[in-house]
Amino acid sequence: MSSRALQQPFGLRLTSNIFLVFWCLVAAFPIFWIAVMSFKSPVDAFDSNALNVIFGPETLAKGNGLSLLDIILGIAVFWGTIIISTKTLPSMVKSYSKPGQEWIGWVIGVLAVAVGFLVAFFVILPAILGVLNPLFGPLGRDVLGLTTEHYKTVWIDRGFSDNFRNSLIVTTGVVTVSLTVGTLAGYGLARSGSTFAFWILIVALVFRALPHSVLVAGYLPVFINSAEWLSPILGENAPTLYGKPFAVIAVLVAINQPFTIWMLRSFFQNIPAELDEAARVDGCSHFQAFRRVIMPVMWPGVITTGLFSFLLAYNDFLVTSLLLDAQNQTMVPAIVGMFNRETTTTDQVVAVAAAVSITAPLIFLVLIFQRQIVSGLTAGAVKG
Amino acid sequence: MKLKSLFMAGAMSLAATGAWAECAYENEVPLKSLSAGFEAWKAVTDAMAECGNFSASLDQEFREKQPEAFAANPSLYQIGGVANETMIPLLNAGSLRPLDDLVEKYGQDLLPNQLIKVDGKVMAIAMMVNAQHLMYRDDVLADLGIEEPKTYDDVLAAAAKIKEAGVMEYPIGGTFKTGWNLAQEFVNMYMGEGGEFFGEGNMPAINNEQGVKALETMKAMTEYMDPEFLVSDSTYVQQQFQQGKIAMANLWASRAAAMNDEAESQVVGKVTMASAPMGAAAPATTIWWDGVVLAANMSDEEADAAFRLVLEGIDGEMVSANNDTAVWLSPAYTPGDLAAGAAASAENGAKAYPASAPMGVLHSALGNGLADYLTGAKDASTTLADIEASYLTAAKEAGLVNN
Amino acid sequence: MNFRTFAAFVGPSVFMMLLFIAFPLVSVFKQSFYITQPIYETVEVETCTPGFLTQTCTTELKSQPKLDEHGEVITKTEYVGLQSYRNVLEPERAWRAISEGSLSVLSTIDFWKALRFTLTFTLITLPLVIVCGLGIAVLINNAARAIRGPVIFISLLPFIITPVIGVLSINWLFRGDGILTAMLEWWLSRDIALFAQAWTIEILMMLYRVWHVAPFAAIIFYAGLQTVNQDSLESAVIDGATRWQRMKYIVIPHLMPLIIFVAMIHLMDAYRVFEEIVGFSSQGYVISLQWLTYDFLVPDQAGNRSISRASASAMLTMIGIVILLILPLRRTWRDHKGGH
């Protein structure tokens, strides 16, 4: 709204904002709802009366609940975390880390905020409330049925932390490899006008359109028998690829490659070619120009593309469920397993709790990186 | 406060997992198993894990992985969990180790009923049986003066009465989810009518009077079911029962315990387990078993250790601890009221599921084809003819039927 | 950039795509023309299975694959030409249905049923996603600067959520007496069963897909809106252009490359529709092409799978997607030629 000429009449702004609120409700409701369900006893969670699900009378009757004071302080901690991760963290990272090594600052910052939140929410807050609740009379009485037992079942009894660790390994691997391989290819494709480059892009596009289930089913026998067919090359130590995280990382990187190179290519295209030509005049090789001159201005694009790779790896079900065994299983197949098992209603609510657990890191991540995504996309203004 | 106790509990349980509990010996050979993921398998593999050096994969993709993984040399898993139908691909590929020597050495406590024999050789050790049978709301039926339904005509008459009396809108529940579940319902009905699935040379033979009768009964039942029957699986039917929305269903014996689960059921003690309703020839149900197999591609030493571990997993201690989880095959099992339905069905002459390679193909074809009849897109004999045609295409591709 | 440097930059990426995508694809292509099957023999087998209390033994004629001296199954591979394609397309049945003018019969043949739904799904959700995405982007752009951050964050939620979980949550909200169905029932005061007929399930699936993808479109369009030339907007105002005209003649043309990008991505993803079918367990009513391929591929209980038909169906799916992509791609070709 930079100019008065473009100022909108009040009525239009009001309608516009009403629609926006409506959209936000639609967007957030299902996620909000499964979060609510995950804290209730099975009877409440699947009740067909919405109010019963929210207030959880059965859950409250079993002695699990929150008082008004709990709710207020809990929201305050949440709000604080949101403020810190969206406002304070980016500026801290900017001022404290060396230029060019901002990602280290980001990693440290994100970990610090995550740990800080967990400690504040699960250790300090309960301790304070334990003292305050009895003092405040009616404010301290339980009004909202809420139980964390399903989370306890998921993370402690079902060993979901192993799945979490495996997801972490797979996603980190995919993002790193995918970006390394992808930036190189994206740069090459952006700077080459040859027809060959064009056909690589087109074929990549067709690859992206393939139904994955066909490809993936073909991997299974090859991966299981890899010790046999790799032994002429690697001898005794030939690994069985089935069940190994690195094999899954390779597959996911390959499947994700078409999208990555298309996206990065359009980012590179927006960086003027004069920049690397100048570097080349100064005596840099193509690769040096790429590393010293182009990469530093590419961060917004790399972060945005990285986030898409992250989503793909983190959310994948088809590849991970088929090619990993139970010891290396990631979170999504683990959750689907929980649902498909011969389940009781309790098991289902436990699985809902797992579903919320898997969504939480995603939300946290978007909270921190959303500015980068938008500015990255704006800078890249992705071209078709 | 609760959050704090959660934290404490976490620390405690981490400390507790250090020592191996309750295993008679310590297993020193590293072993792995691959099986389906339902509750009974969890109980059995947990009991095995107590002996150490063992890791279990309870995997929903086990059907796809098992044949490949067991064919590898050495096999990727030493122990496999199978059911009557899922044993067939392993058996056909020669990936299973005959167990006679091991049974002789260690298996004194096994019941003769548990030994699955193919051509005289023991190929698997069964641990539990399962069957669909009638569960009904004792209180609802008694209020209206209805006797225990013995046939599907009785079930339908009872449903009509309940609906008329305005007690429930949809008195019948059914595992009619398109795919495996729906096909299983047809198999139950068709076997109850005494039908044969195949003729000479694996040719399909379901387009007959019994087939049409089975379909008609199913359609008549859907009149009294929640209209979303084509998406309702066992868990959903179980939930409907627990919430008091239905009065009768032909449900798996392994689900019986959930009816009396105080934490989630509103009908505790009100559900009676009875024999599956009779068809013209037999109860409209099939008996299934689940059991353990060992891979052929492993050393004798490993096989020895694996077999001992399996016996430890399905021993009396595990069975008594999880008595109501399944209908166990073990001397330690005490069949209670919850197992009465499975027992009554067996007594009335329920047959085993006719597992075979062509049956697997037919089951899939049924699963995909039956919905067209229930939604009214095709009539009964066209549906059956189309299912036979799609079976033939698949069976020819698999080499089961010669062109 | 000479070819060697180009190859060095692009090499690793191309190698990975060749190894994990192109190579399997070639084998899929080959498998669609061949059938590999074990050789069965009929033998009499006695099988003993447990009953409730006692064992039952039956002796039957059973088909068993022959094993060679190493204990491996003997298989034969046979060239069958287009047979597998015929098995998928069922041209005779389809032709008979068409010549009788009976579309309802045609829509009971798996492939055509799947094609019908896949196309409907793709072509209906495409404009919806573009319009909703554009709408949300404009709304966000209209909002006060201070609330844009939180609004973008909330808008992104449907896009980042794990698809499996997204589908399940919609499932809980609507299935049976799910809370939103209960609300609808209360509002319309009549009984509603959304999973009981094909059209409601189809609508539900499309709504879910739009909910899931519109944020992606919105965020990209929003980024594009930031670079709209303010001067030309202002001069348009001075020329007396209405809001709608400014949108039509300045904003939309500016966003056109982005609209094509989003449309292309969405075409590809929607044509592969699969999670919705499994998540809503809609197989009884509607199926999609990728689900059909998957169904051929998944082994049944006895381990049989239809690899050849799955390969044929996958190739047909690919042909379909290439046809759909030709239009947007012609533009890329022109851009590519013009850009250098």
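Biologist: In this predicted model, how many residues of domain 1 of chain A are in contact with domain 2 of chain A?

Modeller: Good place to start! Two residues are in contact if their C-beta atoms, placed from the backbone, lie within 7 Å. On the domain 2 side of chain A, 5 residues take part, and on the domain 1 side the number is 8 residues.

Biologist: Which helix gives the most to that side of domain 1 of chain A?

Modeller: Helix H5 (68-96) and helix H6 (102-135) of chain A each supply at least two residues of the side that touches domain 2 of chain A. Of the residues on that side, 5 are nonpolar, 3 are polar and none is charged. The top contributor, with 5 residues, is H5(A).

Biologist: How far apart do the C-alpha centres of the two domains of chain A lie?

Modeller: Let's place the domains along the chain before turning to space. The domain assignment gives domain 1 as 66-145 and domain 2 as 158-380 in chain A. Between their C-alpha centres, the distance is 31 Å.

Biologist: And in chain C, what distance separates the centres of domain 1 and domain 2?

Modeller: Chain C is also assigned a domain 1, at 36-78, and a domain 2, at 103-339. Taken over C-alpha atoms, their centres are separated by 47 Å.

Biologist: Which helix of chain A gives the largest share of the side that touches chain C?

Modeller: The contact takes 77 residues from chain A and 83 residues from chain C. The largest share of the chain A side is 14 residues, and these come from residues 10-37, which form helix H1 of chain A.

Biologist: Which class of residue, with what count, stands beside the 20 polar and 4 charged residues on that side of chain A?

Modeller: We are still looking at the side of chain A that touches chain C, where the residues are divided by class. Next to the polar and charged ones, the remaining class is nonpolar, with 53 residues.

Biologist: Now to chain B: how are H8(B) and H9(B) oriented to each other?

Modeller: Helix H8 (residues 180-192) and helix H9 (residues 209-222) of chain B pack with their axes 9 Å apart, at an angle of about 125°. Angles of 65 to 115 degrees count as roughly perpendicular and those over 145 as roughly antiparallel. The angle of about 125° fits neither group, so the two helices are oblique.

Biologist: What is the handedness of the crossing of H8(B) and H9(B)?

Modeller: Try finding the contact in the structure: among its residues are B:Phe186 and B:Met189 of H8(B), and B:Ala214 and B:Met218 of H9(B). By class, this contact has 5 nonpolar, 3 polar and 1 charged residues. The crossing of these two helices is right-handed.

Definitions and conventions
Residues numbered from 1 in each chain as written. Chains lettered and ligands numbered in written order. Predicted model: local features only at pLDDT ≥ 70, side-chain atom pairs only at ≥ 80, totals over all residues. Helix = DSSP H or I, 4+ residues; strand = E, 2+ residues; numbered from the N terminus. Nonpolar A, V, L, I, M, F, W, Y, C, P; charged D, E, K, R; others polar. Domains from an automatic or database assignment. Axes fitted to C-alpha atoms, helices over the stretch in contact; angles between N-to-C directions. Parallel < 35°, antiparallel > 145°, perpendicular 65-115°, else oblique. Left-handed = near helix turned anticlockwise from the far one by under 90°.
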